[in-house]
Amino acid sequence: MTGPVSDRNIDSRPERELDIIVYGATGFVGKLLAEYLVQHAPAGTKIGLGGRSLEKLTAVRAGLGAAAAELPLVVADADDSTALKALAERTRVVATTVGPYAKYGHQLVHECAAAGTHYVDLTGEVLFHRESIDANHELAVSTGARIVHSCGFDSVPSDLGVHVLHKLIEADGAGELTDTTLVVTSLRGGVSGGTIDSLRTQIDVSKHDARLRKLAASPYSLSPDRASEPDLGKQSDATVVDGRKIDPSLHGWKAPFFMASYNTRVVRRSNALREWAYGRKFKYTEVMDVGSSVVSPVIAGGVAVGLGALIAGLALPPTRFLLDKVLPSPGEGPSEDTQSKGHFTLDVFTVTTTGARYTSRVRAKGDPGYSATAVMLGESALSLAVSNAELPDNAALPNAAGVLTPATALGDVLVERLRRSGFEISAGRL
């Protein structure tokens, strides 16, 4: 369980040479993140660019324009513990896009936890996240570091969507959350090569180890205290459901959402880290809209079969070879024009223990896995690196440290920062 750090807060931490180091700045999403921070960080924010190649870092810096001409370059390989230690000790926050994190992330997380340096990433890897908790949570609590995994499309919209829903229900005195479902109402954008490579890595790690497969499949695989979790029966991530069972206003059947098997575990961890404040009967699932025509049940079932086939195909060498030729590779991404046409709208529906119905919405423009993710990761890093005194409603960071989630580490501060960046994040009673 995360412990409060009552004698530390972000504004009283010792000064570091830099505020944020973008580690992986030469990769596709790393470049987007560096560009976003150069354009949107408050004046005076000290940003560095990190990676393993000085030549490539120099080229990235040159491409960021005159405002980036003096940005420090930090060379560190992902398996060089000495270089990573020096990098972590040099900055207040590390924002890393270097994945798959199971291959390249463990040492950097450890060095940040040991140095009391805040850390944000984009992982969607259950097993890496679990290993990070076990290896670094108590260390990070002792140093005051906030290790915040999953600060992109995995899993900021899910985590904050439930966060704002809980806050409104609590303020209304309407009870606790029970059956809660996120519906992907609209989505336009590509799946990143990094996301696919992370899926490949997790399949490779777990396919010969029954224990790891069981861990990855558990709905409480990221829980800080599995023995204390409520027994709520089966909680499937392959749900095909009639929309009217989610909320009477919804029509058509809903298909499984391909990110549900990770996002749901992050949201459940947030509930547990908050001493189950969402509710002991809180059940959480994620689905996607496939229309409301008479054939929507068939489409939803086809999506479920297709997702299963993709995972099976990546696990078997013959089909893996073919899929690798058509799926995006790490470091690849869509054009700027394609990214600008992307968008997403996620709606969360819940019924409380008093029978009240509530909903929340998280919506933004930009390709979810690329340009919108750069905004989410960038604002997560800024939440930890700079003063948030100018935010409305006296938004403040939660007083906690350890291996956390976006909601439990950043909470209202990230909500407000994303709203200022053009995101809609809202909640209301139905």
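In the predicted model, helix 1 passes helix 15 in a right-handed crossing. Helix 1 spans residues 28–40 and helix 15 spans residues 371–385; their axes come within 9 Å and cross at roughly 55°. An angle between 35 and 65 degrees is neither roughly parallel nor roughly perpendicular, and helix 1 and helix 15 are therefore oblique to each other. On the side of helix 1, the contact is made by Val29, Leu32, Leu33, Tyr36 and Leu37. These residues meet Ser371, Thr373, Ala374, Val375, Leu377, Gly378, Glu379 and Leu382 of helix 15. By class, this contact has 9 nonpolar, 3 polar and 1 charged residues.

A second helix pair is formed by helix 5 (residues 106–115) and helix 6 (residues 126–143), which pack with their axes 8 Å apart and at an angle of about 15°. Because this angle is under 35 degrees, helix 5 counts as roughly parallel to helix 6. The crossing of helix 5 with helix 6 is right-handed. Helix 5 contributes His106, Val109, His110, Ala113 and Ala114 to the contact, and helix 6 contributes Phe128, Glu131, Ser132, Asn136, Leu139, Ala140 and Thr143. Sorted by class, the residues in the contact of helix 5 with helix 6 are 6 nonpolar, 5 polar and 1 charged.

Helix 15 also takes part in the surroundings of helix 17: what covers the buried residues of helix 17 includes helix 15, helix 7 (156–172), helix 16 (406–409) and strand 14 (424–429). Helix 17 comprises residues 411–420 and is mostly covered, with 7 of its 10 residues buried. The buried residues of helix 17 are Gly411, Val413, Leu414, Val415, Glu416, Arg417 and Leu418. Charged side chains are thus represented in this list by Glu416 and Arg417. Just after helix 17, Gly422 takes a positive phi of about 105°.

Positive phi values are also found in residues other than glycine. One of them is Ser150, with phi near 70°. Ser150 lies in the loop between strand 6 and helix 7, and Ser150 counts as buried because its relative accessibility is 0%. Trp276 has a positive phi of about 60° and is found in the loop between helix 11 (260–273) and strand 10 (283–289). With a relative accessible area of 9%, Trp276 falls under the 20% limit and is therefore buried.

Two cis peptide bonds are described here. The bond that joins Gly99 and Pro100 is cis, with omega about 0°. Pro100 is placed in the loop between strand 4 (91–96) and helix 4 (101–104). The peptide bond from Asp154 to Ser155 is likewise cis, with omega near 0°. Ser155 has its place in the loop between strand 6 (146–148) and helix 7, and Ser150, with its positive phi, is in the loop between strand 6 and helix 7 as well.

Cysteine residues were examined last. A disulfide is a covalent bond between the sulfur atoms of two cysteines. The structure holds 0 disulfides. Cys112 counts as buried because its relative accessibility is 0%. Cys151 is also buried, with a relative accessible area of 0%.

Notes
Residues are numbered from 1 along each chain as its sequence is written. This is a predicted model: local features need pLDDT of at least 70, side-chain atom pairs count only at pLDDT 80 or more; totals for chains, interfaces and linings use all residues. Side-chain values use heavy atoms; hydrogens and water are left out. A disulfide is a pair of cysteine sulfur atoms within 2.5 Å. Buried means under 20% relative accessible area, exposed over 50%, partly exposed in between (1.4 Å probe, protein chains only). Axes are lines fitted to C-alpha atoms, for helices over the stretch in contact, and angles run from 0 to 180 degrees between N-to-C directions. Helices (H or I, at least four residues) and strands (E, at least two) are DSSP runs, numbered from the N terminus. Angles under 35 degrees count as roughly parallel, over 145 as roughly antiparallel, 65 to 115 as roughly perpendicular and the rest as oblique. A crossing is left-handed if the near helix is turned anticlockwise from the far one by less than a right angle, and right-handed if clockwise. Contact means heavy atoms within 4.5 Å.
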